Amino acid sequence: MWQIPRVIVNRMFGHAQRMLPNECVGVLSGTGHTITGWHPLTNADADPSRFLADPQEQITLFKQLRDAGQQVVALYHSHPDGDAEPSEKDLAEAYYPEALYLIVAMGTEGCLDLSAHLIQDGKAIAQKVAITEA
Ligand SMILES: [Zn+2]
């Protein structure tokens, strides 16, 4: 079971809201299936329907995490208008088969949703996530 502290879920939702009407993008770090760190990234292709993590920022972050003995556990982005299902583009551009892909859907009328999948060989596999109070 994947584990995410509630405070990090709230930070992801806040990030997604601040970036409206565009998508947000970020990384969650930790070890194994347990998330302990939140790292918002700059969306270098800011648009309501796409995202691209700033490549240099991402390289720097991945190196910092490695040096600190931490792993990239999850990658997240938002769907400002859509549902929380991975899009065709999300499936095609998922380069980390071990990472949990989280999508924050903003929905309508302030309704929030969060989905969690592994994406392997272009297919999304739904994952269970426990939200912890730690
Ligand atoms: Zn997407």
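How many bridges join β5 to β6, and do they run parallel or antiparallel? Six bridges join the two strands, which run antiparallel. The legends below take this predicted model one region at a time.

**Figure 1. The whole chain of the predicted model combines three helices with eight strands.** Read along the sequence, the elements follow the order β-α-β-β-α-β-α-β-β-β-β. The C-alpha trace spans about 40 × 30 × 30 Å along its principal axes. For 134 residues, a compact globule would have a radius of gyration near 14 Å. The protein chain has 14 Å, so the value agrees with that expectation. Of the 134 residues, 29% count as buried. Consider contacts between residues at least 6 apart in sequence: 62% of them join residues at least 24 apart.

**Figure 2. Strand β5 pairs with β4 and with β6.** β4 and β5 run parallel and are joined by six bridges. Within this pairing, His77 stands opposite Ile103 of β5. β5 and β6 run antiparallel, again through six bridges. Here Tyr101 has His117 of β6 as its bridge partner. Five of the six residues of β5 are buried, so the strand is largely enclosed by the rest of the structure.

**Figure 3. Helix α1 turns its buried residues to one side.** The helix covers residues 6-18, which makes 13 residues. At 1.5 Å a residue these should span 18 Å, and the end C-alpha atoms are indeed 18 Å apart. Ile8, Val9, Met12 and Ala16 are the buried residues of α1. They cover an arc of only 105 degrees around the axis, which puts them on the same side of the helix. An α-helix has 3.6 residues a turn, so residues three or four places apart point the same way. On the other side of α1, Arg6, Val7, Asn10 and Arg18 are exposed.

**Figure 4. The largest nonpolar core has 29 residues.** Ile8, Leu28, Ala74, Tyr76, Tyr101 and Leu102 have the most contacts inside this core. Two or more residues come from each of β1 (2-5), α1, β2 (25-31), β3 (34-41), β4 (71-79) and β5 (100-105). In soluble globular proteins, nonpolar side chains tend to be buried together. What does Tyr76 touch, not counting residues up to four places away in sequence? Its contacts are Met12, Gly26, Leu28, Leu102 and Val104.

**Figure 5. Strands β2 and β3 form a hairpin.** The two strands pair in the antiparallel sense over seven bridges. Gly30 stands opposite Ile35 of β3. Two residues lie between the strands. In this hairpin Gly32 takes a positive phi, near 60 degrees.

**Figure 6. Ser29, in strand β2, contacts residues distant in sequence.** Is Ser29 buried, exposed or partly exposed? Ser29 has 19 other C-beta atoms within 10 Å, so it counts as partly exposed; the cut-off for buried is 20 or more. Val73 is 44 residues away from Ser29 in sequence, yet their C-alpha atoms are 5.1 Å apart. Neighbours within four places in sequence are left aside in what follows. Ser29 is then in contact with Thr36, Gly37, His39, Leu65, Gln70, Gln71, Val72 and Val73.

**Figure 7. Helix α2 is hardly covered.** It runs over residues 55-67 and has 13 residues. From its first C-alpha to its last, α2 reaches 18 Å, close to the 18 Å expected at 1.5 Å a residue. The count of buried residues among these 13 residues is zero. Gly69 follows α2 and has a positive phi, near 75 degrees.

**Figure 8. Two loops hold backbone details at Pro21 and Asp121.** Pro21 lies in the loop between α1 and β2. A cis peptide bond joins Leu20 to Pro21, with omega about 10 degrees. Asp121 sits in the loop between β6 (113-120) and β7 (123-126). Its phi is near 50 degrees, a positive value in a residue other than glycine. Asp121 is exposed, because 8 other C-beta atoms lie within 10 Å and the cut-off for exposed is 12 or fewer.

Technical notes. Residues are numbered from 1 along each chain as its sequence is written. This is a predicted model: local features need pLDDT of at least 70, side-chain atom pairs count only at pLDDT 80 or more; totals for chains, interfaces and linings use all residues. Helices (H or I, at least four residues) and strands (E, at least two) are DSSP runs, numbered from the N terminus. The radius of gyration is taken over C-alpha atoms; the globule rule is 2.2 Å times the number of residues to the power 0.38. Two residues are in contact if their C-beta atoms, placed from the backbone, lie within 7 Å. The expected span of a helix is 1.5 Å times one less than its number of residues. The arc is that of the directions from the helix axis to the C-beta atoms. A nonpolar core is a set of buried Ala, Val, Leu, Ile, Met, Phe, Trp, Tyr and Cys residues joined through C-beta atoms within 7 Å. Two strands pair if DSSP finds at least two bridges between them.
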